[in-house]
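Grab a pencil and work through these exercises with the sequence and the structure side by side. Each task comes with a solution that goes step by step.

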Amino acid sequence: DGERSMNTYLGISAELGPEDVSEDVASNARMLFLEGYLYDKPKGMQAFEAASRATRAAGGMAGISLSDPFCVDRHRPEFRRLVKELDYVIGNEQEWLSLYETDDLGSALETAASESGLIACTRSGHDVVIVRGDEEAVIPVRRVTPVDATGAGDQFAAGFLYGLATGADLDVAGRMGCVAAAE
């Protein structure tokens, strides 16, 4: 029938712990992307910290997705620390607003950009904003009528991070993320 669907199970990593992190794998990763949901369990938080520490110590980049506004509410102090410590943070408009407890997206992103190496903000069909230091890219989004928006943020991250990993500039990497998310 031409329709596609994606099935996700957020609880799959509920028992993930630091013993599941391969130091060899994490230290050989050029880019590590972790979900904020891992912070919902102490063992997940420890796994997250071990993996990001090993990747960054070996010269790779580690980053996080803010996951959802409720996840941000549950872990605001930890996520605020991670914005400052990690190499990149990806979130949507509601997640960034929640992180900085404001209704002013410009202010939230300005604060995040001053604290982090690289931030990306998706805005549900509106321009994506990406900031790295003094460099800013605003990527127009081709609006689509979604069959199912589940996973669109993950798809954006996949395209965007692939672009970064292959040396694309922020604008091209952002457009790659938008194409993947729309699909």
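Which residues of β1 are on its covered face, and which are on its uncovered one? Before solving that, a word on the ground rules: this is a predicted model, where local features need pLDDT of at least 70, side-chain atom pairs count only at pLDDT 80 or more, and totals for chains, interfaces and linings use all residues. Residues are numbered from 1 along each chain as its sequence is written, and side-chain values use heavy atoms, with hydrogens and water left out.

**Exercise 1: the two faces of β1**

Solution. Step one: find the strand, β1, at residues 31–35. Strands here are DSSP runs of E with at least two residues, helices are runs of H or I with at least four, and both are numbered from the N terminus. Step two: sort the residues. Leu-32 and Leu-34 make up the covered face, while Met-31, Phe-33 and Glu-35 sit on the uncovered one. Step three: recall the general pattern. In a regular strand, side chains alternate between the two faces of the sheet.

**Exercise 2: build the sheet**

Task: put the strands in order and say which ones are at the edges.

Solution. Step one: the sheet is open, has 6 strands, and reads β1-β2-β3-β4-β5-β6 with mixed pairing. Two strands count as paired if DSSP finds at least two bridges between them. Step two: the edges are β1 and β6 (135–139), each pairing on one side only. Step three: from one strand to the next, the twist averages 15°. Step four: check the partners. β1 and β2 (residues 61–65) run parallel, joined by 5 bridges. Leu-32 is opposite Ala-62, and Leu-34 has Ile-64 as its bridge partner.

Now move along to β3 (residues 88–92), which runs parallel to β4 with 4 bridges joining them. There, Gly-91 stands opposite Cys-121 of β4.

**Exercise 3: around β4**

Task: is β4 mostly covered or uncovered, and how does β4 pair with β5?

Solution. Step one: β4 covers residues 119–123, and 4 of its 5 residues are buried, so to speak "mostly covered". Buried means under 20% relative accessible area, exposed means over 50%, and partly exposed is in between (1.4 Å probe, protein chains only). Step two: β4 and β5 (residues 126–132) pair in the antiparallel sense over 4 bridges. One bridge pair is Arg-123 with His-126. Step three: look at the turn. The two strands form a hairpin with 2 residues between them, and Ser-124 in that turn has a positive phi of about 45°.

**Exercise 4: follow α2**

Task: describe where α2 lies, how far it reaches and what covers its buried residues.

Solution. Step one: α2 (residues 42–57) lies across β1 and β2, running at about 165° to β1. Angles like this run from 0 to 180 degrees between N-to-C directions, with axes fitted as lines to C-alpha atoms, for helices over the stretch in contact. Step two: its 16 residues reach 22 Å from first C-alpha to last, close to the 22 Å expected at 1.5 Å a residue. That expected span is 1.5 Å times one less than the number of residues. Step three: its buried residues include Gly-44, Ala-47, Phe-48 and Ala-51. Among the elements covering the buried residues of α2 are α1 (23–27), β1, β2 and α4. Step four: after the helix comes Gly-59, with a positive phi near 95°.

**Exercise 5: two helices crossing**

Task: at what angle do α4 and α6 cross, and which residues make the contact?

Solution. Step one: the axes of α4 (residues 76–85) and α6 (residues 105–115) come within 7 Å and cross at roughly 55°. Step two: that makes α4 oblique to α6. Under 35 degrees counts as roughly parallel, over 145 as roughly antiparallel, 65 to 115 as roughly perpendicular, and the rest as oblique. Step three: α4 brings Arg-80, Val-83 and Lys-84, and α6 brings Thr-111, Ala-112 and Glu-115. Contact means heavy atoms within 4.5 Å.

**Exercise 6: a residue in α7**

Task: is Leu-164 buried or exposed?

Solution. Step one: locate Leu-164 in α7 (residues 152–165). Step two: Leu-164 is buried, at 14% relative accessible area. Step three: leaving out residues up to four places away in sequence, Leu-164 touches Met-31, Leu-118, Arg-132, Leu-170 and Ala-173.
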